[in-house]
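Let's take a walk through a protein together. Have a look at the sequence and the 3D picture before reading on.

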Amino acid sequence: MSTDSSDLFGALLEAPPLNRTVPVLVPMPAPKPYSYSVPEGMAVEPGSVVQVPLGPRQVIGVVWDGGEDGVDPKKLRPISHVFDCPPLSREMRDFIDWVAAYTLSPPGLVARMALRAPNAFEPEPMVEGLKFVGGVPERLTPARARVLETASDGLSWTRSGLAHAAGVSTSVVDGLVTLGIFETIFLPPPPVVAVPDPDFAAAHLEGPQKEAAAELVADVRKGEFAVSLIDGVTGSGKTEVYFEAIAETLKRGRQVLILLPEIALTASFMERFQDRFGAKPAEWHSDLAPRMREKVWRQAVTGEVRVVAGARSALFLPFEDLGLIIVDEEHDPAYKQEDRVFYNARDMAVVRGRIGDFPVVLVSATPSVESQVNGQSGRYSTVHLPTRFGDAALPDLHLIDMRRHAPERGGFLSPVLIRAIGKTVEGREQALLFLNRRGYAPLTLCRVCGHRFQCPQCSSWLVEHRFRKQLQCHQCGHAERTPEACPECGTLDHLVACGPGVERIAEEVERHFPEARTIVLSSDIMGGVKRLRLELDAIAKGEADIVIGTQLVAKGHNFPLMTLVGIIDADLGLANGDPRAAERTFQLLSQVTGRAGRTGLKSHGLLQTYQPQHPVMQAIVSGDSDAFYEREITERERAALPPFGRLASIIVSAETRHDAENHARGMRNAAPQVSGISVLGPAEAPLALVRGRHRFRLLVHGRRNSDMQGFLRAMLSQSPKERGSVQVQLDIDPQSFL
């Protein structure tokens with residue numbers, strides 16, 4: 001007993017005294033920061049990255065704004081550690097608070113997105129290096145002579161770097177170190193990428209491109225918030241135009257963020273950037289190795305990395321001095337995150353630019369309706385690029401009426417499209433066949449009893465993947481081996497695939513063109529991102545004749561020999577009740593057909609459709625995008641849909657249908673009566689069962705100037721508490737209605 005008391009007394013004497021309290025935002029769904037005490041001698045400020053106790057764990061947190069809360073420091077747990085990294089700037093903290101307030105998300109979960117590289121919070125360790133101190137060894141071999149000649153410039157080298165530069169093994173270098181000819185020193189860690197040079201390869205821009213670049217450069221020189229929308233046809237040189245804004249930003253000593261919807265697949269973009277600036281940008285996306293993520297995070301916050309090209313999560317990197325954001329393909333649905341914190345990176349990029357008072361550039365050949373309206377109203381300045389770079393012609397687009405040119409029995413390619421593919425392959429050019437449906441067939445059934453293969457955890461059919469001999473759910477990932485007999489009636493060899501996927505189209509192409517080199521591109525291709533990059537590179541080099549792909553092929557790739565694009569099912573995106581269906585279909589088909597003829601070769605686009613008179617089809621083949629946008633904007637305004645109204649989606653899910661429906665009805669009854677805001681539902685979501693959870697949906701609709709967040713806060717405060725398996729997801733400005 002006496003020993004225990006002595007240990008406790010000694011610990012109390014050694015514990016540092018506490019002198020003040022600070023709020024700390026921790027990465028968990030708490031509504032506000034927690035208070036912690038600061039031990040004497042520890043220096044923290046708002047933005048400091050710290051480690052604090054939370055229950056039995058130690059977690060990362062950020063000292064937040066707000067000052068002391070009047071609580072006695074002795075009653076609070078102390079901060080455990082302050083990391084040796086620059087604090088998050090006031091701009092970054094304001095941005096996190098804004099996103100949390102707008103999306104109605106806990107601020108700790110938003111801050112967590114800015115702290116996704118915990119091992120980067122301490123300085124990187126120094127790298128062991130060598131420095132030539134003089135002298136010549138008694139036995140001077142040719143290999144040793146090459147090492148001495150290489151190191152005679154007085155620069156410091158790493159052991160492996162010097163050996164590689166001199167063309168010798170590391171044992172030769174080690175021998176010279178032993179003789180005292182080199183001394184060991186410690187070098188700062190190397191940068192993840194070289195510093196880009198804005199004058200490395202000046203662009204040769206033509207009339208419209210030159211004028212557009214001048215507008216963007218002028219905005220950068222002003223050094224204040226502005227939003228520009230580059231609206232240019234596919235192949236019009238949009239990338240080269242915004243490269244000039246990047247160059248000007250670099251000349252002014254500030255950092256640049258380029259957001260891309262599919263950064264892991266855009267190796268060609270990295271090469272174009274390197275050709276212009278002499279170095280690649282740092283990458284930031286989910287496929288980046290953890291060690292590289294830590295390096296990029298650290299060097300972005302210290303300012304060593306000048307340009308980052310990344311997916312939507314790069315928006316939450318705490319840059320030292322961000323001076324420009326580019327949002328390429330700003331219309332792309334991939335910018336919407338629908339997990340934990342629901343946000344649209346395009347819209348939040350504009351917010352970050354306003355808070356940081358620097359320009360933002362949105363880029364697209366098919367801008368979103370929201371951006372078009374902002375451009376027309378003067379909120380954004382619009383830069384038009386109506387022609388392709390180098391006077392390359394846009395593809396000639398034609399509709400194939402499938403009612404008049406039906407495919408052969410069991411096939412999905414019309415005779416017109418088959419003839420066009422044949423001519424293209426004979427001319428040693430490439431054809432692209434687009435179908436936004438993975439796998440072999442979207443549905444498998446028994447032709448005897450009618451049994452349909454459905455996911456046991458979701459309200460969706462199992463998709464056949466014949467290459468892998470699997471039936472797979474594209475919602476939850478459930479997979480099972482394709483059976484030989486019907487599990488319902490036991491009949492053998494009577495399972496039939498209904499409808500086409502890209503694998504089935506590949507099978508049909510193989511029948512018609514057995515000698516052609518065919519590549520199938522899909523997000524679930526074996527080998528993942530690395531394999532996809534290799535396939536894309538092979539296509540660009542002309543090592544394929546026919547490419548069959550999903551929407552991956554619409555992501556801005558440049559295929560020099562591509563002269564024919566065939567859309568297998570142009571009506572596919574119009575077959576649901578999504579209010580954005582027409583816009584999405586127009587954008588996707590325009591982007592896909594824009595892959596053809598980018599280097600000036602005569603090109604064609606053929607769209608197979610059963611609705612040739614549909615306004616979307618007519619707008620695409622006529623090239624009259626203005627008429628399409630005018631019609632779409634008028635319909636949105638008439639229905640008070642975004643951007644002329646506001647929407648919020650509430651998804652209630654539970655392990656039982658009864659619990660989900662009851663909670664959704666309770667939330668509906670708790671909605672306040674407010675003029676200009678109405679609540680629709682609850683109703684079962686179109687995907688009523690996902691991963692074994694039943695889903696009900698409420699849709700909140702309001703006028704453009706309505707206080708949607710205030711309404712939802714009041715509704716949530718009066719709603720029943722989430723009990724048992726019930727979960728509620730809130731999505732402001734929803735993009736998906738499934």
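Below, we start with two arginines and then move on to the nonpolar cores.

Keep in mind that this is a predicted model. Our starting point is Arg580, which you'll find in the loop between strand E26 (562–567) and helix H16 (581–593). Is Arg580 buried or exposed? Its relative accessibility is 6%, so Arg580 counts as buried, since the cut-off for that label is under 20%. What does Arg580 touch, if we skip residues up to four places away in sequence? The partners are Glu370, Arg636, Pro642, Pro734, Gln735 and Phe737.

Now hop to Arg584, which lies in helix H16. Here the relative accessibility is 22%, so Arg584 counts as partly exposed. Leaving aside neighbours within four places in sequence, Arg584 is in contact with Pro333, Asp578 and Gln735. You've met Gln735 already: Arg580 touches it too. For a sense of distance, try Glu206: Arg584 and Glu206 are 378 residues apart in sequence, and their C-alpha atoms are 31 Å apart in space.

Time for the cores. In soluble globular proteins, nonpolar side chains tend to be buried together. In this model, the largest nonpolar core has 55 residues. Leu257, Leu259, Trp297, Leu315, Phe316 and Ile325 have the most contacts inside it. Apart from that core lies another one, of 36 residues, including Ile525, Ala544, Ile567 and Phe586.

Let's zoom in on Leu259. Setting aside its neighbours within four places in sequence, Leu259 is in contact with a list of residues, among them Gly310, Ala314, Leu315, Val327, Tyr335 and Ala349.

Conventions:
Residues are numbered from 1 along each chain as its sequence is written. This is a predicted model: local features need pLDDT of at least 70, side-chain atom pairs count only at pLDDT 80 or more; totals for chains, interfaces and linings use all residues. Side-chain values use heavy atoms; hydrogens and water are left out. Helices (H or I, at least four residues) and strands (E, at least two) are DSSP runs, numbered from the N terminus. Buried means under 20% relative accessible area, exposed over 50%, partly exposed in between (1.4 Å probe, protein chains only). Contact means heavy atoms within 4.5 Å. A nonpolar core is a set of buried Ala, Val, Leu, Ile, Met, Phe, Trp, Tyr and Cys residues joined through side-chain atoms within 4.5 Å.
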